[in-house]
Each structure stands twice: as C-alpha cells, then as structure tokens.
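Here is a set of questions about the words used for a protein structure. Each answer sets a value against a rule and then concludes.

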Amino acid sequence: AGGHGALQDNGSGTPIQKSTMSSGVLCADECLKVFEEMKIRNAYQYIVFKITDDKKSIVIDVKGEPGASFEDFTSKLPDGGCRYA
C-alpha cells in the first residue's frame, strides 16, 4: 500500500486516485479494486499488470474472462516485455 498521490488521468480521460508504493511507483487504485473483484467474486481468470512506459505507474494491462485458458493467459504476455500477474 502506501500514501495517496494526486489524481491522475488513466488515459480514458477519467481521473483516478493512485497509491504510492515503497519503490516510488504509483499503483492505480483500480488495480486493487479489480484484484478484489477477481479474488472475491471470481470476476476474472487472471489479471496482468504492467508498469507504464514512463515507469511511474502500475496499471492493468489485461483482464482474463472467467474460464480463460492457460494458453489465453500466456498469449497476453509480450515477448521480451515485463508483466506481473
């Protein structure tokens, strides 16, 4: 967790609150919300997170629909790119 930063634009024009991690990278509150939906309600088979190109924020890259296969999951991982699931 960590402290809260300023409101940021998530790329869709909608401001979102972000939390600062101990590394200084901001984690969008949406990440925690969607993770909880996956964990509690089984809303997603998997979630893939990434660090933005400016290396300042952690955001959701891909959400796997319930029932998605392992092959679906692995196909979302870029060759030579770093992702977190």
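Q: Why is Glu 37 called buried?
A: Its relative accessible area is 13%. Buried means under 20%, so Glu 37 counts as buried, at 13%. The model is a predicted one, and the value is computed from it. Glu 37 is located in helix α1.

Q: What makes the pair Lys 33 and Glu 37 a salt bridge?
A: The side chains of Lys 33 and Glu 37 meet with N to O at 3.4 Å. The rule asks for a side-chain nitrogen of Lys or Arg within 4 Å of a carboxyl oxygen of Asp or Glu. The pair is therefore a salt bridge. Side chains of opposite charge can pair when their charged atoms come close.

Q: How far apart are Lys 33 and Glu 37 in helix α1?
A: They are 4 residues apart, so about one helical turn separates them.

Q: Is Lys 33 buried or exposed?
A: Lys 33 has 53% relative accessibility. Exposed means over 50%, so Lys 33 counts as exposed. Its partner Glu 37, at 13%, counts as buried.

Q: What makes Glu 37 and Tyr 44 a polar contact?
A: Their side chains are joined at 3.5 Å, and the cut-off is a pair of N or O atoms within 3.5 Å. Leaving aside neighbours within four places in sequence, Glu 37 is in contact with Asn 42, Ala 43 and Tyr 44.

Q: How do you know that Asp 61 and Lys 50 form a salt bridge?
A: The closest N and O atoms of Asp 61 and Lys 50 are 4.0 Å apart. The limit is within 4 Å, and the pair is counted as a salt bridge. Asp 61 lies in strand β6 and Lys 50 in strand β5, so the pair ties together parts that are 11 residues apart in sequence.

Q: Why is Asp 61 called partly exposed?
A: Its relative accessible area is 28%. Buried is under 20% and exposed is over 50%, with partly exposed in between, so Asp 61 is partly exposed. By the same rule, Lys 50 counts as partly exposed at 25%, and Arg 83 does so at 28%.

Q: What makes Lys 50, Asp 61 and Arg 83 a network?
A: Asp 61 forms a salt bridge with Lys 50. Arg 83 also forms a salt bridge with Asp 61, with the closest N and O atoms 2.9 Å apart. This second pair links distant parts of the chain, with Arg 83 in the segment after α2 and Asp 61 in strand β6, 22 residues apart. The three residues are thus linked in a network of salt bridges.

Q: How do you know that β5 and β6 pair?
A: Strands β5 and β6 are joined by 6 bridges. Pairing needs at least two bridges, so the two strands pair, and they run antiparallel. One of the bridge partnerships is between Ile 51 and Ile 58. The strands form a hairpin with 5 residues between them, and Lys 55 in the turn has a positive phi of about 60 degrees.

Q: Which elements each supply at least two residues of the largest nonpolar core?
A: The core has 11 residues in all, including Cys 31, Phe 49, Ile 58 and Ile 60. β4, α1, β5 and β6 each supply at least two of its residues. Helix α1 gives the most, with 3 residues.

How values were computed. Residues are numbered from 1 along each chain as its sequence is written. This is a predicted model: local features need pLDDT of at least 70, side-chain atom pairs count only at pLDDT 80 or more; totals for chains, interfaces and linings use all residues. Side-chain values use heavy atoms; hydrogens and water are left out. A nonpolar core is a set of buried Ala, Val, Leu, Ile, Met, Phe, Trp, Tyr and Cys residues joined through side-chain atoms within 4.5 Å. Buried means under 20% relative accessible area, exposed over 50%, partly exposed in between (1.4 Å probe, protein chains only). A polar contact is a pair of N or O atoms within 3.5 Å; within protein, one must be able to donate a hydrogen and the other to accept it, and residues adjacent in sequence count only if both atoms are side-chain atoms. Contact means heavy atoms within 4.5 Å.
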